[in-house]
Protein chains: 2
Amino acid sequence: MAKELTPRSENYSQWYNDLVVKADLAENAAVRGCMVIKPYGYAIWEKMQNELDRRFKETGHQNAYFPLFIPKSFLSKEADHVEGFAKECAVVTHYRLKTNPDGTGVVVDPEAKLEEELIVRPTSETIIWSTYKNWIQSYRDLPILCNQWANVVRWEMRTRLFLRTAEFLWQEGHTAHETYQEAEEEAQKMLNVYADFAENIMSMPVIKGVKSETERFAGAVDTYTIEALMQDGKALQSGTSHFLGQNFAKAFDVTFMTRDGKTDYVWATSWGVSTRLMGALIMTHSDDNGLVLPPKLAPFQVVIVPIFKSQEQLSQISEKVQEIMDKLKAKGISVKYDDSDAKKPGWKFAEYELKGVPVRLAMGGRDLENGTIEVCRRDTLTKETVNIEGVENYIADLLDKIQKNIYQKAFDYRKTMIKKADSYEEFKEKIEEGGFILAHWDGTSETEAKIKEETKATIRCVPFDTYLDDDKEPGTCMVTGKPSKSRVLFARSY
Amino acid sequence: MAKELTPRSENYSQWYNDLVVKADLAENAAVRGCMVIKPYGYAIWEKMQNELDRRFKETGHQNAYFPLFIPKSFLSKEADHVEGFAKECAVVTHYRLKTNPDGTGVVVDPEAKLEEELIVRPTSETIIWSTYKNWIQSYRDLPILCNQWANVVRWEMRTRLFLRTAEFLWQEGHTAHETYQEAEEEAQKMLNVYADFAENIMSMPVIKGVKSETERFAGAVDTYTIEALMQDGKALQSGTSHFLGQNFAKAFDVTFMTRDGKTDYVWATSWGVSTRLMGALIMTHSDDNGLVLPPKLAPFQVVIVPIFKSQEQLSQISEKVQEIMDKLKAKGISVKYDDSDAKKPGWKFAEYELKGVPVRLAMGGRDLENGTIEVCRRDTLTKETVNIEGVENYIADLLDKIQKNIYQKAFDYRKTMIKKADSYEEFKEKIEEGGFILAHWDGTSETEAKIKEETKATIRCVPFDTYLDDDKEPGTCMVTGKPSKSRVLFARSY
């Protein structure tokens, strides 16, 4: 087969790249560091968007749109923020090209230099808080609960499709509140929305927790995160929600009249997930045959392949298939019928396995005689022959099972990969095996930096929940021996 | 009332600006020429997107995503295209900022200069055709039917909210075909999709036709357009679909193996509509009291305002309202209940008129006694008192009537504004009154330019349909007296 993938065991990273390209999800663009998201990949992203957008609206948020460009001076207004985001960004300095005097193409017109450079947004806190300043006078104007779906640019030197690209697509929520408590609750609420989406739609178990100071969003008071575990034992930060305190309100002088007639700075949150989730989805479930997609995100959930010896037989099969398709569609199941005769059934089977279609149906001459159809599920690659009568209920049920089974499989794998280390030696040994390690840490950035330098592992979060028996009990730092309040979660990560 | 608009008769342009801002649709951003689309405006845009996206998918198109940045050299590859688009664009020259040596903020790092400048896409033909080159080898790879929803940037010096902004949102379809005929049919098909959307969803009558060479898209063989007429008698180009011939295939060397084993360049189309449609929508229907929205695009179609003298009465009204809301929602009608006591009913009435909510219901003490409710329609501002029994059917019917009525009103207005001119003198006189003028033209760019310079009118299109009795009959050019095949459509325009 032409589209064979590098096996995961041989080279995980190559397997990932092969899969993204061969399953028609995305490819590298002619512009360094940027990607083209191909129709099949984009269809998955659209399903993610729909599910997320519905959840945002159900929790009271509205969509809006803010400018792509940020004046350079805005970035400098929040001291930590500029450190985090001004470094690697796309800078617009001119607004016109002109014909090259020597007639070869176009050159930048030096006369068209901007007075102040514009930055292509790496994230929109600054431009949004400069806007909110005009929207907020009193507590009656609060809360503001906005989200935007947008593209952002961070000039990355080493890029990988979906996981780290110069331009990527995301959503960013930006909310403004009267009180510390309300903003803090909002940040937690949206983390829970992300976790619910990850677990129930992506079938991807996640660990919720709070970031260490080092790993915090530039400008945040606290960053909450959901962390997933990929099949190679590396962690992937899949979504973050930030409690921004009054930092951006102070930077952009956004005050409001409180209920008791005083003036205070507005409290803020921001939260986002991106096309990086596509990478997480791929690396959580897929195998050496290709993608494995949760039914809730598959562009089509069922594919039907006819196996025929003559055109006459094909039309008999097609007639039966049409009945089945109508019944599946009536149940809200998306289905594709591939009756092209340019490719053989075997080629089609491999192709739809590569593309992760959750259920494949095949119907041949014998099925026609017996009133049966062959059902193959992508997650386990097992086949069954079932009666056509009532097959739509069988499939609806099967899709539900697949959705749950791949979650359970990922959950079980993760369970074996959450370990404990009580000494730095043990930690160094176990980190080589991959997975999450719960260990004690003295809470200082110095120790964190030392661990990162020596082991390439970072603190993914201080988890909210308990995963082993004594996570939440105090102990002593594995490196310095100083006291530690609870274990924290380490991993090497994407 | 605080939010009074400048009347249209006094200053149409100011009325428009007032309305966009006061109805919370959009506002100017801190970045020159860019806009912030506010939640209420964005909700209308989202409804437009959903309707268009559904139509694109029904006609076999898929969404994808291509990069924001275009290498400067790509623009130069199609000779006409570079003339049209390279002139006013945002140019990225650097990829890093650094702390200013004097400690004040950040400056562009001169070391981080790009080898080749990147242009923020003004339209994506070039980057997409450089990509399609790798996707197309044979006729079996065709057609490619892609669309993307994206932001684009054209550095405009004089900007107006929605109508002309440096950054705007749009969709751009880019298709690749085996034959001239197939591409040509695709371009026409998408023009019809736009016209159907404009007329049946936006309630905005449009004239379909083909552009003159001067007004053609830079790089197209033919540009098809839908032209609408605003209330001030100016035309607004509302959507265009381009038959690109083999121009971009030649520029990017995109060839394919034909069915008979030869090699040929691929045939192309592109087509787009943008947030400019928001401006068209506003200027087609709205009045001195504010927005008038077609029910199919209203963020909420019905608002209910209680008129109460006591909290007890309010709860009685609310109980009845809840029943009505349930029935409306069951019929798929979106409804908002505004029972806040911070504002008086009169203020609310004005506010929802300003926001163009198609139907307003009001319920007071007497209605409660009589089992009635007051229904006010936004398009005519007429009121009726109707029985609560079956009110949901009454409203469903009314929304349908409003959708059709505002179309008819705009259609009737346009009808009075399509005129004929048989001499240049007559043309000059009539163009001052606004509206479309059908006149004979000799087909040359010189005459077209002279007319534009002397009257500010441009050829909007050569219409496909007949609007007066003799549109399609030959005649002589009103300016030069040379022969003309048919009348063409002139107007001053946005």
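Here are some friendly notes on this predicted model, going from the pairing of the chains to a single hairpin.

1. **How the two chains relate.** Let's start with the symmetry. Chain B is superposed on chain A by a rotation of 180°, with 0.0 Å of shift along the axis and an RMSD of 0.0 Å. The two copies are thus related as by a two-fold rotation axis. If you would like a landmark for that axis, look at B:Val92: in chain B its C-alpha is the nearest to the axis, at 2.1 Å. Both copies use the same surface, since 100% of the contact residues of chain B recur in chain A.

2. **The nonpolar core.** Which residues have the most contacts inside the largest nonpolar core? They are A:Cys89 and B:Cys89, in a core of 300 residues. It is worth clicking on B:Cys89 to see its surroundings. Setting aside neighbours within four places in sequence, B:Cys89 is in contact with A:Leu97 from chain A. Within chain B, its contacts on the same terms are B:Ile119, B:Val120, B:Pro122, B:Val153, B:Arg154 and B:Trp155.

3. **Domains of chain A.** The domain assignment splits chain A into domain 1 (12-285), domain 2 (300-401) and domain 3 (418-491). For domain 1 and domain 3 of chain A, the C-alpha centres are 29 Å apart. These two domains do touch: 16 residues of domain 1 of chain A are in contact with 16 residues of domain 3 of chain A.

4. **The domain 1 side of that contact.** On the side of domain 1 of chain A that touches domain 3 of chain A, β10 (207-210) and β11 (222-229) each supply at least two residues. The largest share, four residues, comes from β10(A). What is the make-up of this side by class? It has seven charged residues, five polar and four nonpolar.

5. **A hairpin in the open.** Please also take a look at strands β19 (residues 372-377) and β20 of chain A, which pair in the antiparallel sense over five bridges. One of the places to check is A:Val375, whose bridge partner in β20(A) is A:Glu384. The two strands form a hairpin with five residues between them, and in the turn A:Leu381 has a positive phi of about 60°. Is strand β20 (residues 383-387) of chain A largely buried or largely in the open? Zero of its five residues are buried, so β20(A) lies largely in the open.

Technical notes. Residues numbered from 1 in each chain as written. Chains lettered and ligands numbered in written order. Predicted model: local features only at pLDDT ≥ 70, side-chain atom pairs only at ≥ 80, totals over all residues. Least-squares fit on C-alpha atoms with pLDDT ≥ 70 in both. Contact = placed C-beta atoms within 7 Å. Domains from an automatic or database assignment. Nonpolar A, V, L, I, M, F, W, Y, C, P; charged D, E, K, R; others polar. Buried ≥ 20, exposed ≤ 12 C-beta atoms within 10 Å, placed from the backbone. Pairing = 2+ DSSP bridges. Core = buried A, V, L, I, M, F, W, Y, C linked by C-beta atoms within 7 Å.
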